[in-house]
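Q: I have a model with several chains open on my screen and I'm not sure how to read it. Could you walk me through it?

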Amino acid sequence: MKKTLVLLLIALLAMGTVFAAGSKEAAKQDGPVTLRLSWWGGDSRHTPTLKAMEAYSAANPNVKLEGEYGGWDGYYQKIVTQIAGGTAADIIQIDQPWLAELASKGDVFAVIDNSMVDLSQFDADFLKNYCTYDGKLLGLPTGTNVNTFIVDDQMLTSFGIDPNTKWTWDNIITEGKKINQKDKSAYFSGASPDIMRYWFEIYIAQLAGAVVDNNKKVAFTEAQGTEAFTYFKRWFDEGIVAPFSQTSLFYQKFQENPSWINGKMATSWTWVSSMDKDIGARKMSTRQFPVMAGAKNTGVLMRPSQIMVVNSNSKNKAEAVKVLNYLFTDPQALELLGLARGIPATVIGRSTLAAMGAISTMAEKATNEGIAQAGLPQSTYQMNSEVIQVMQDVIDEFGFGKLTPAEASAKLIKNLNAILATL
Amino acid sequence: MIKSKKSVSRIISYIFLIVLAYVMVYPLLWMVGASFKSNQEIFGTLGLLPKSPVFGAFGAGWTGTGQYGFSTFLYNTFLMVIPTVLFTVISATLVGYGFARFDFPLKKVLFVTMLATMMLPATVIIIPRYIFFKRLGWLDTYLPFIVPAMLGCFPFFNFMMVQFFRGLPLEIDESGKLDGCNSFVILKDLLLPLCKSAIFSVIVFQFVWTWNDFMNVLIYISSVAKYPVALGLRMTMDISTEFDWNQIMAMSVISILPPVILFFAAQKYFVEGIATTGMKN
Amino acid sequence: MKKGNEMLTRKRYTYIGYLYILPWIIGFLVLQLAPLINSFWYSFTNFQLLGDPKFLGLDNYKKIFTNDPTFLQSLKVTSYYVLIAVPLKLGFALLIAIILNQNIKGINFFRTLYYIPSILGGSVAISVLWKYLFMNQGIVNNLLSVVGIPATDWLGDPRYALGTISLVTVWQFGSSMLLFLAGLKQIPVSQYEAARIDGAGRLRIFAQITIPELSPIILFNLIMQMINAFQDFTSAFVITQGGPLKSTYLYGLMLYDQGFKFFKMGYSSALSWILFVIILFFTSLTFRSSESWVHYGDSL
């Protein structure tokens with residue numbers, strides 16, 4: 001027994017030393033301020049961002065900027081963990097849907113106002129619709145990102161379809177089916193199940209205004225849902241889109257589907273920001289989306305490419321906002337950053353890049369046409385990750401032929417109501 | 001007659017082993033091939049060999065275009081992996097020996113507790129552990145990997161060593177005791193030499209697992225200067241902007257070389273079993 | 001002799017054992033216990049990662065058992081996965097280990113090649129490759145068409161996807177194989193020789209010497225593979241993301257989604273503790289059964 005006691009004592013002592021060693025937190029140094037910035041991206045984003053940060057530090061020697069950057073994989077989880085642990089960077093790049101998702105859980109992001117950043121540089125509605133939560137502006141949009149419809153002119157022509165067709169819901173089917181009729185392995189649309197969800201959301205938006213409205217209510221009727229599913233059933237039946245058993249593998253990565261890469265699929269819904277990646281080595285151009293007569297809403301989405309936020313736990317919030325201001329409005333920074341985060345959302349940003357001739361005509365055209373066609377912003381409830389999952393699950397079952405249009409509509413409404421009740 | 005039967009079965013064995021080897025190594029061959037392909041070719045074709053080879057992926061991937069090159073990430077990985085492996089071997093041997101060869105009060109309870117710590121999915125422990133390591137001031141260091149190794153917090157290896165020790169006859173310990181050795185000497189001089197292959201397995205497994213660990217390093221390491229290869233590899237992979245897959249493939253190939261070399265080089269310890277070390281009766 | 005052993009080591013407590021397991025005891029108390037307790041507490045709350053958790057009593061558990069179809073689906077998928085992947089992987093690993101344990105030329109070479117998949121692990125390249133192997137126009141279908149088997153969506157068809165994912169697991173049999181090899185090397189040659197002198201055939205030697213002598217390692221591999229398989233989700237995460245139609249939605253994937261996608265850490269914790277109990281149950285069962293088939297050198 002005595003020995004056990006001695007051993008326990010040793011164990012406790014050892015525990016104590018470990019804790020003591022750990023509790024020696026790094027002493028706060030005075031003088032220069034260190035700010036951490038975190039973002040995800042590729043090299044085309046890392047390098048310009050680091051250069052702009054360097055330039056800021058050169059002009060403000062008392063401020064040291066540290067970049068914490070990496071790929072997309074796991075970025076969200078890391079940010080969430082850091083926020084939960086109170087260790088997030090001072091300035092954080094987030095995806096637009098995360099803003100509401102994170103802000104609804106607590107006081108996470110610092111409020112930004114006109115005294116800190118010249119907000120007149122931004123489109124006021126854009127800030128209000130996409131960067132505001134609970135009436136407070138919590139972040140700044142890096143760029144404007146819109147939906148676009150990319151088409152392979154050559155492929156369409158070779159199947160006897162006029163590439164300049166103005167697309168309607170009807171002629172997508174009447175014209176589009178020519179492709180699969182001639183070549184069983186080719187399709188009009190490259191949509192994977194997730195892209196089919198976007199198409200469904202667009203269709204419902206035009207029929208009923210939204211899937212879920214700002215009052216946390218399902219905004220479409222069962223009849224409207226059935227109508228939408230009935231329409232998309234024709235996409236499967238008439239070979240407009242490949243069966244889910246072939247495309248589900250490329251969930252969220254339709255551009256990695258060999259059929260897409262090898263020119264066996266003619267068109268796709270996409271975001272302008274990822275257009276280049278999707279097109280790859282193909283030759284494609286952009287078109288506007290079909291809009292039905294009497295549409296309540298086009299359903300075409302416009303949102304910030306990303307949002308930059310300041311951590312509300314930051315010890316140097318004021319300094320962090322200054323850095324933000326620099327990155328968003330300083331001509332030097334804008335020149336260095338270029339298109340690292342898409343076409344800038346600020347007036348000065350666009351004019352700087354236009355003067356440099358940096359904006360490609362295709363991106364410019366797609367953006368302008370998208371903005372012109374853009375519909376109402378989606379409610380934060382419709383962008384909620386659980387709501388999206390519910391929609392996706394029903395669309396998967398429908399696409400795999402497990403549900404008829406009427407069943408799919410009923411199930412979707414039932415499941416949406418169930419999840420909305422818990423939000 | 002018997003001889004020819006034997007050689008036939010031997011030939012069949014060889015054919016099987018070679019076919020299997022091809023299946024096993026195919027992904028690696030494909031990765032090497034992909035290092036010389038353009039994105040379109042990687043995703044658009046099925047062939048192993050590049051049709052229109054693209055060179056320079058290895059060079060470009062190695063230098064990187066950010067602040068730090070791949071050599072930094074490799075160096076960091078060694079910094080993290082070597083102490084972790086070393087301490088795991090020591091702690092697993094001690095703990096395994098303790099559980100395998102001694103009886104003490106609560107032994108069963110403790111053993112079950114040790115195994116039970118593996119049964120709760122890591123997902124829900126990530127946040128509490130993160131906050132805990134933060135309080136200790138260990139974030140952005142390799143301590144969250146090294147200290148658990150020191151303190152035997154990899155029950156897999158403890159349990160593994162228990163099983164190997166228990167596979168050894170008690171007579172070995174007895175003879176040591178008769179010679180007047182204490183329990184540590186018995187472990188060090190009599191049992192360990194018989195467990196070389198087990199120790200080697202601990203080294204290889206822990207090396208490979210720590211080397212490949214993505215989730216934990218992602219969470220604990222935030223300075224790019226301290227990134228290990230698992231993070232460095234994915235550093236340019238973005239969801240929307242285009243990146244060169246061939247660079248990712250090239251660096252993937254390079255990053256698996258150290259574990260493969262370690263494995264190949266240390267294999268002789270495998271061939272030596274109890275048979276060659278010799279057991280005195 | 002038999003009695004003597006038991007006298008020496010079984011009946012008398014030797015407290016020095018504590019000294020050897022001390023590192024783990026400290027590690028458990030200092031590093032592991034607190035997070036475990038934390039997650040247990042979270043399982044009774046609505047913890048959402050941010051903000052203070054609110055105590056819900058048994059609500060999470062009630063919801064899981066009465067009102068969560070995904071839970072049942074995941075449990076089903078995971079059970080199939082464990083049942084397919086674990087025996088196949090272990091059987092294969094044992095077979096290869098036995099083949100490699102013979103005196104074969106180039107054995108080092110083969111061993112290294114067979115271990116490569118385990119080194120590649122969840123590498124980014126692998127997720128891409130598996131899709132290309134098993135997609136509709138993929139390599140596997142190309143090969144099968146030679147023998148006249150029609151193209152199948154190995155990963156896109158809900159009937160086959162889980163089986164294909166399990167193949168990835170089986171393919172990474174290297175670690176289990178290595179342990180079997182290490183175990184085989186521990187079997188004293190003298191035993192084989194004695195059996196051979198007695199005129200025992202290959203099969204009898206295998207059944208009466210190899211398997212019993214290897215049984216501690218078989219037990220270890222079985223338990224570890226089972227514990228891992230219940231929680232594993234890497235392959236499903238990177239290759240199918242749980243689809244198609246949730247046919248590969250493994251339990252670990254559901255935990256991840258609940259915790260890090262939907263922020264329901266409290267709910268996710270409750271799900272985890274249920275899995276904990278399931279794993280504990282099957283592990284104890286295996287241990288219980290092991291008393292009749294595992295043969296330890298120290299209990300000769």
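A: Happy to, and keep in mind that this is a predicted model. Let's begin with a stretch of chain B, residues 74-266: 71% of the span is helix and 0% is strand, and its two end C-alpha atoms lie 20 Å apart.

Q: Which feature does UniProt place at residues 74-266 of chain B?

A: The UniProt record, an unreviewed entry, lists "domain: ABC transmembrane type-1" there. Such annotations may be inferred rather than shown by experiment.

Q: How do I read a single helix, say α11 of chain B?

A: Start with the general idea: an α-helix has 3.6 residues a turn, so residues three or four places apart point the same way. In this case, α11 of chain B covers residues 196-212, which makes 17 residues. From first C-alpha to last it reaches 24 Å, close to the 24 Å expected at 1.5 Å a residue.

Q: Is α11(B) mostly covered or mostly open?

A: Mostly covered, with 15 of its 17 residues buried.

Q: Now the chain contacts. How many residues do chains C and B each bring to theirs?

A: Chain C brings 79 residues and chain B brings 77. On the chain C side, several helices supply at least two residues each, among them α1 (2-11), α9 (174-186) and α14 (265-293). The top contributor on that side is α2(C), with 17 residues. Sorted by class, the chain C side has 51 nonpolar, 24 polar and 4 charged residues.

Q: And what about chain A against chain C?

A: Here 26 residues of chain A are in contact with 28 residues of chain C. On the chain A side, the elements giving two or more residues are α1 (2-23), α3 (75-85), α10 and α17 (385-399). Of these, α1(A) gives the most, at 7 residues. The chain A side divides into 14 nonpolar, 7 polar and 5 charged residues.

Q: Let's zoom in on one residue. Where is A:Q255?

A: Look in the loop of chain A that runs between α10 (244-247) and α11 (258-261).

Q: Why does A:Q255 count as buried?

A: The general idea is to count neighbours: a residue is buried if 20 or more other C-beta atoms lie within 10 Å of its own. A:Q255 is buried because 22 other C-beta atoms fall within 10 Å.

Q: Which residues does A:Q255 touch, leaving out those up to four places away in sequence?

A: A:W260, A:K277, A:D278 and A:G280. For a separation to check on your screen, try A:N215: A:Q255 is 40 residues from A:N215 in sequence and 35 Å away in space, C-alpha to C-alpha.

Conventions. Residues numbered from 1 in each chain as written. Chains lettered and ligands numbered in written order. Predicted model: local features only at pLDDT ≥ 70, side-chain atom pairs only at ≥ 80, totals over all residues. Contact = placed C-beta atoms within 7 Å. Helix = DSSP H or I, 4+ residues; strand = E, 2+ residues; numbered from the N terminus. Nonpolar A, V, L, I, M, F, W, Y, C, P; charged D, E, K, R; others polar. Buried ≥ 20, exposed ≤ 12 C-beta atoms within 10 Å, placed from the backbone. Expected span 1.5 Å × (residues − 1).
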